[in-house]
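Please consider the following structure. How are the terms used to describe it justified?

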Amino acid sequence: MTSPRFTGRIAVVTGGASGLGRVTAEGLAAEGARVVLFDRDEAGLAETAAKCPGSITVAGDVTSAADQQRLAEAAAALGPVTLLATAAGTLGPTLGFLDISEEQWDRVFDINVKGTWLSIRYILPLIKAAGGGSIVTFASTAGLIAQPVMPAYAASKAAVTSMVRSLAKGEAPNGIRVNSVCPGSIWTPMLEATFAGAGEERAKREAEFLARHPIGRFGKAEEVGAAVLFLLSDAAGFITGVNLPVDGGRLA
Ligand SMILES: NC(=O)c1ccc[n+]([C@@H]2O[C@H](COP(=O)([O-])OP(=O)(O)OC[C@H]3O[C@@H](n4cnc5c(N)ncnc54)[C@H](O)[C@@H]3O)[C@@H](O)[C@H]2O)c1
């Protein structure tokens, strides 16, 4: 067993009630971090917290500045915060440019773009006050290449990759690194919902998604969690402004 990488660190994880946020939180806790879990799903938060010793939970919506402020206050009360992972996100509907409604488009952008920005808006000052740290956001391969059936999701994740670059450059002199992971198709409740939403076309959609991944399978949540933990850790000390595909070769 290698030495734990996050002993004594305080980490905020949004989207901590499910999927990639949950495995990130569990990995951080297993390596000594005290985790502050944020999500709108209270039952899911409690399940994750049960596996993260010393963690606390804050229920709220990433699109709400008031909720994000509560999150920041709860985290600051624990001590210096140096780590942030922003996994909360939504896929939105599988509808093309002409079919998605204005309301649906706005909701995807509210959660994925504004929600990510608000998390940074409220937690970055704590990381600065602590003297530095590391942020990992969750973009997607969909933000790096064309995605005609999910244009709002793709554009929202491209926005996240742009935020990563701007923030990384601005914050590097302050000892704060900012990166993202860009997962391919990873088995989480989000992917399951995508396939379930295809109804009778499920098998066809699964086969289409699978064919995009040269490695010949979907990713495991733990494989994304491992990349997030590496980017958060001091071992990645010279890496900032990177949007890292974790995609079984999809973008190769
Ligand atoms: N699973 C994949 O294949 C995949 C691929 C690429 C990118 N991603 C990204 O990774 C991140 C995590 O995805 P996942 O697969 O774990 O999904 P998930 O649906 O399992 O988990 C997402 C979590 O975000 C929370 N959330 C959503 N909207 C919220 C809001 N407004 N306020 C607070 N919490 C909210 C949900 O309650 C849920 O717990 C997302 O940003 C997603 O876009 C996932």
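The questions and answers below treat the ligand site and one salt bridge.

This is a predicted model, in which local features need pLDDT of at least 70, side-chain atom pairs count only at pLDDT 80 or more, and totals for chains, interfaces and linings use all residues. Residues are numbered from 1 along each chain as its sequence is written, and side-chain values use heavy atoms, with hydrogens and water left out.

Q: What makes the approach of tyrosine 153 to the ligand a polar contact?
A: A polar contact is a pair of N or O atoms within 3.5 Å; within protein, one must be able to donate a hydrogen and the other to accept it, and residues adjacent in sequence count only if both atoms are side-chain atoms. A polar side-chain atom of tyrosine 153 lies 2.7 Å from a ligand oxygen atom, and therefore the pair qualifies.

Q: Which polar atom of threonine 188 lies 2.5 Å from an oxygen atom of the ligand, side-chain or backbone?
A: The atom of threonine 188 belongs to the side chain, whereas isoleucine 186 places a polar backbone atom 2.8 Å from a ligand oxygen.

Q: Why is the pairing of arginine 70 with aspartate 67 called a salt bridge?
A: The term requires a side-chain nitrogen of Lys or Arg within 4 Å of a carboxyl oxygen of Asp or Glu. The closest N and O atoms of arginine 70 and aspartate 67 are 3.3 Å apart, so the pair meets this limit. The structure holds 11 salt bridges.
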